[in-house]
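Me: Please take a close look at one part of this structure and then set that part in its surroundings. Give the cut-offs for each term as you go.

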Amino acid sequence: TNLDGIPRRFIRVRVNLEMLDEEGFEEVISLGAEARDSIVRILNSKTFDELETVQGKLHLKSQIVAQLNEFLQQGVVQNVYFTDFAIQ
């Protein structure tokens, strides 16, 4: 997806979620496109300057955890792991 700001930059992120239990895993899988869309909206609001630092990436992780946990009724996302993170 595209980052906010000029010059225009593109970000590609692959995320793995650490769930509290297996039931939560099933619940987050059932969200599907809704969960992915919420992550894309978070990324679209970020600039390169916000994400280039370690602190920026940690803040992004906490935002993703908080956003996904708002959707979940039973499950709890404990952590987010970036397995692919590229900005061009």
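Reply: Ala-33 and Arg-36 are exposed, on the other side of helix H2 from its buried residues. Exposed means over 50% relative accessible area, buried under 20%, and partly exposed in between, with a 1.4 Å probe and protein chains only. The model is predicted: local features need pLDDT of at least 70, side-chain atom pairs count only at pLDDT 80 or more, and totals for chains, interfaces and linings use all residues. Residues are numbered from 1 along each chain as its sequence is written, and side-chain values use heavy atoms, with hydrogens and water left out.

The buried residues of H2 are Ala-35, Ser-38, Ile-39, Ile-42 and Leu-43. They line one face of the helix, because seen down the axis of H2 they fall within an arc of 140°; the arc is that of the directions from the helix axis to the C-beta atoms. The background is that an α-helix has 3.6 residues a turn, so residues three or four places apart point the same way.

H2 covers residues 33-44, twelve residues that should span 16 Å at 1.5 Å a residue, and its end C-alpha atoms are 16 Å apart, which agrees. The expected span is 1.5 Å times one less than the number of residues. Helices (H or I, at least four residues) and strands (E, at least two) are DSSP runs, numbered from the N terminus.

The cover over the buried residues of H2 includes strand E1 (11-19), helix H1 (22-31) and helix H4 (54-71). Contact here means heavy atoms within 4.5 Å. H4 has its own buried residues, Gly-56, Leu-60, Ile-64, Val-65 and Leu-68, and these pack against E1, H2, helix H3 (48-51) and E2. With 18 residues, H4 reaches 27 Å from its first C-alpha to its last, close to the 26 Å expected at 1.5 Å a residue.

As for the whole chain, the protein has four helices and two strands, in the order β-α-α-α-α-β from the N terminus on. Buried residues make up 28% of its 88 residues. Of the contacts between residues at least 6 apart in sequence, 72% join residues at least 24 apart. The radius of gyration is 13 Å, which agrees with the value near 12 Å for a compact globule of 88 residues; it is taken over C-alpha atoms, and the globule rule is 2.2 Å times the number of residues to the power 0.38.

Some local features lie outside H2. In the segment before E1 is Pro-7, joined to Ile-6 by a cis peptide bond with omega about 5°. The charged end of Arg-9 sits over the ring of Phe-48, 4.0 Å from its centre; the criterion is NZ of Lys or CZ of Arg within 6 Å of the ring centre and within 35 degrees of the ring normal. Arg-9 is also touched by Gln-88, as is Phe-10, not counting residues up to four places away in sequence. Gln-88, in the segment after strand E2 (77-87), is exposed, with a relative accessible area of 63%. Its C-alpha is 6.5 Å from that of Ile-11, although Gln-88 and Ile-11 are 77 residues apart in sequence.
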